[in-house]
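The following paragraphs lead a new reader through one structure, step by step. Please keep the sequence and the model in view while reading.

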Amino acid sequence: MRHLVAALFVIIGSTAFAQDTGLSKPSSSYSFFLTSKAKHGAAHQWKIQQAGKISADGAAISSSSFATTSWVNGVVPGTVLTSLVENKTYPDPYYGDVNRRTNNIIPDMADAGREFYHYWYRTNFSVPASFKGKRTWLKLHGINYKSEIWFNGKKLGRLEGMFNTRSFDITDLLAKQGQNVLAIDITPVDVPGTSNTKGNNATGAIGENRNGGNGEIGKNVTMLMSVGWDFTQPDGVRDRNTGIWRDIEVYATGDVVLEHPFTYSKLPLPDTSSAKQQVSVEVYNASSKAQSGLVKGLIKESGITFQKNVSLQPKERKVVVFTPEAYAQLNLKKPKLWWPLNKGNQYLYTLQLSFVKGNVVSHSKSLRFGVREITSDQDTPDKSRRFLVNGYPVFIRGTNWIPEAMLRNDRSRTEAELRYTRQSGLNLLRLWGGGIAESDYFFDRCDELGFLVWNEYWLTGDTRFPSDEALYLENVASTVKRIRNHASLAYHVSSNESTEVKGAAALIRELDPSRGYQMQSECCGVHDGSPYKYENPMQYFENTASKRGSRVDGFNPEYGTPCLPTVESLREMMPAKDLWPMNRSVWDYMDGGGFHQVTTKYTDAVNQFGTSGSIAEFAKKAQFVGALNFRAIWEVWNYNKFGFGDRWASGFLFWYHNSPVKQTGSRMYDWSLEPTAALYYSQDGLEPLHAQFDYLKNTVSVYNDLRKSFKAYHVYAEIYDIHSKKIAVKDVVVDIPADGLVKDALKLEFPENISQVHFIKLILKDQSGKQVSDSFYWRSKDKYEGAWTLTGPAVSGFQQLNELKKVALNVDYTQQKGSKLLVKVHNPSDAIAFFTQIKLQDEAGKSLRPAFYSDNFFSLLPGEHKTISIDYSGVAPGSKRMIVVDAFNSGQEKILKLP
């Protein structure tokens, strides 16, 4: 039987991989998804129509004779508005200020009424021959908001709540030959709420804008930011994301079905040489006859097997549990552990469960799990929360994950975003309470990439609470059961800055006793967040960047800054007439109503590098500002890790990570998946071993994120003037503590006669003299005049950069296997090549995205060279490509056309 189960797992893996699905895990080895031809390019033709334009009932609409000639193509997965935009009914809501509610271009639900976005979705399909003789199911992985499901003229039932799932047995309704018809009547949220209101009573964190419109959106169990929030489009998504936003699946099983498998580990900490593994699964007899058989299990990598006899009456459901006390083989010896990024390997085991009657497998389920134990406590000097994995404290350098505003997501977009995130060096992703429950594929990749995930359950302090608490708890239960096996899932939190629904804490703990829980994001050792906007980076070092007081201490759930997109992205975001000269009305609308201060303080900081004469010049200089601010934030928190610096800090989460729409106040990468300089300077600041410069103290410290110490490492600090002349070198040998910091290893002195703008190159070498890391900084002589001024060596007085001597770069490339390039850039001149950028573009100068550069926006000393790898496997084939390289002070772009 062991061989049978192992073979079945291979079949499941290959079947699931071959499907045209995106983000949901297949429910069986016999499975396909009804993904649309529209937008996704898959096999199924969906049609949608406004309910008010249809006089027929569900029975007629779901019959094969019903005509849909007046209907339009539907996108599935996709919302109503996504389909309407795809069909050119409305323009792209993200372009310029098209979405602005007062423009009346796309009707808002609060103005047009709920019925305006009440739609029917319809498709037809046939089942493959392999389904013959099996029980066939229809599974809805996610619909927003309430739906009535009809199949071949019969009503199957309803699904309510955005984060619910449900399967329907359609065996007896299947057409014997030909096509089956599925029709779904989808109504929007019960209470759509409204934006642009004044004087509402919604409460938020101290000093924050009021968010979530008038707060009424919270009466539903849905994506709360769809009505608007201060960091994104303030007046929200017009249809409140009504529609089929997740996969529709058809799958086949035998009469006995396995559901909601669950496994978790318990380690005898601090000892990690063994683990107790508990396994459970729900077993359901879908037939009208009694059934008996074996529930069998296999942990594939270790060869461990276990089984139990189970008898079920018709329609009976049982939870079958395998404990390590009853099954000695579930006491694992010397398990391979799962660790988060930089702490160890992300080892994953495969658990295969099946129900077998005689020699026939009725149904099987496979899942991957990590042997690890994640805990948290407040056993810290300041009672701040800390997280431990396998008993080991992990300093959190995380971020807040925000969904695409219209849920226009797929596997390739999720992969690109997570890959950029992994490149940056972050270790925890908070799924913020105003967003969504993320996909199966998202969690799969987090398991593999070493992220921890903090999951919140769709409540905020800015919005009301669900009117139907039972429906809310049903959605919570559905979500916890779906995600609880993932090694990456670290923590359950009910709400963002609020409280909990009665019964939620007990429910979550019952369904998942293996993880911690807290009521809301700002309690239990987690203080309130800020800053959120652009601020003088000197204030990060000084710990004065928030008017709420000290924020670089303890655990901060929200601390961040924006970065302007590149000029290539900006040109795609709005009409040229609004782009330059800057139309503040449009720019501010695309910055959450000016929330991040892009057109004010951020622009003032850009102008410290000299007034720009074009959008290209402004966008280039804006990258300097974003790069320095992002890296400064990481380095300030590095410095104060676990009390190694001036204060105790157990971690923080950057606010926020993803651009949900096209934004002028962007992040490490923008909505179009074009990286900004912030990505690469975050990668620098978050590298495992990192020498870093403090602009306030003029000191150099060495940060270590690895679980081992390093002896006799050499730190070098070189100072160059504006003429690229090396004017000082300082070095020191240090012993670097495990997972710690060498505080103020060097103190740099700058001569009185140094040029107004100068540069610092930090190099870290190991005992053998091999370079481990390097970092490059620019600095001015300006004096810091204190908080809330735009002064200081990190922010002001950089006009002299424009006097850098021009350089001509040598560029060469080699094509690697697959869609990979190696680009070698050499600076043969006697001047620094400042802020050198490599771009992969088509012949028209459009950026090819997503492209993964190993580094970018780097500076090269005289005679220095650097080799950059580019992976463009995510770029659609067909277009001719060229490599474009330029530095801020290069005479012209270097262009290499690819064959």
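In this predicted model, I149 has G157 in β9 as its bridge partner. The two strands concerned, β8 (residues 146–151) and β9, run antiparallel and are joined by six bridges. They belong to an open sheet of six strands, ordered β3-β2-β5-β11-β8-β9, with antiparallel pairing. Because β3 (72–74) and β9 (154–160) each have a single partner strand, they stand at the edges, and one side of each is left without a neighbour in the sheet. Between neighbouring strands of this sheet the turn averages 30 degrees, direction ignored.

Just before β8 comes a loop that deserves attention. Y145 is found in this loop, between β7 (143–144) and β8, and the peptide bond leading to Y145 from N144 is cis, with omega near 20 degrees. A second cis peptide bond joins S530 and P531, with omega about 5 degrees; P531 lies in the loop between β29 (516–520) and α9 (538–542). As a general rule, most residues other than glycine have a negative phi, and most peptide bonds are trans.

Phi angles provide two further points of interest. W458, although not a glycine, has a positive phi of about 60 degrees. This residue lies in the loop between β27 (452–456) and α7 (469–483). Is W458 buried or exposed? Its relative accessibility is 1%, so W458 counts as buried. S724 likewise is not a glycine and has a positive phi, of about 70 degrees. The loop that holds S724 runs between β34 (710–720) and β35 (726–736). With a relative accessible area of 9%, S724 is buried, because the cut-off for this class is under 20%.

The next stop is a pair of parallel strands. Strand β25 (residues 396–401) and β26 run parallel and are joined by three bridges, and T399 stands opposite L429 in β26. From β26 (residues 428–431), L428 and R430 point one way while L429 and L431 point the other way, and all are buried.

The second largest pocket may be considered next. Its volume is about 930 Å³. Of the 33 residues that line this pocket, R408, N409, D410, S412 and R413 lie nearest its centre. Helix α5 (residues 411–424) gives the most to the lining, with three residues. By character, the lining divides into 10 nonpolar, 12 polar and 11 charged residues.

Further along the chain there is another open sheet, made of three strands in the order β32-β33-β36 with antiparallel pairing. Here β32 (689–694) and β36 (741–747) stand at the edges; each has a single partner strand, so one side of each is left without a neighbour in the sheet. The twist from one strand to the next averages 25 degrees. Four bridges pair β33 (residues 699–704) with β36 in the antiparallel sense, and T699 stands opposite K747 in β36. Helix α14 (residues 615–639) packs on this sheet and touches β32, β33 and β36, its direction making about 105 degrees with that of β32.

The last residue to examine is W580, in the loop between α11 (576–579) and α12 (584–589). Not counting residues up to four places away in sequence, W580 touches S612, G613, S614, I615 and F618. W580 and F618 are 38 residues apart along the chain, and their C-alpha atoms are separated by 9.7 Å. With a relative accessible area of 28%, W580 is partly exposed.

Terms used
Residues numbered from 1 in each chain as written. Predicted model: local features only at pLDDT ≥ 70, side-chain atom pairs only at ≥ 80, totals over all residues. Heavy atoms only, no water. Buried < 20%, exposed > 50% of the residue type's maximum accessible area, 1.4 Å probe, protein only. Contact = heavy atoms within 4.5 Å. Pairing = 2+ DSSP bridges. Axes fitted to C-alpha atoms, helices over the stretch in contact; angles between N-to-C directions. 1 Å grid on protein atoms, 1.4 Å probe; cavity = no way out; pocket = protein on both sides within 12 Å on 5 of 7 lines; lining within 4 Å. Points joined across faces, edges and corners; volume = space filled by probe spheres on them. Nonpolar A, V, L, I, M, F, W, Y, C, P; charged D, E, K, R; others polar.
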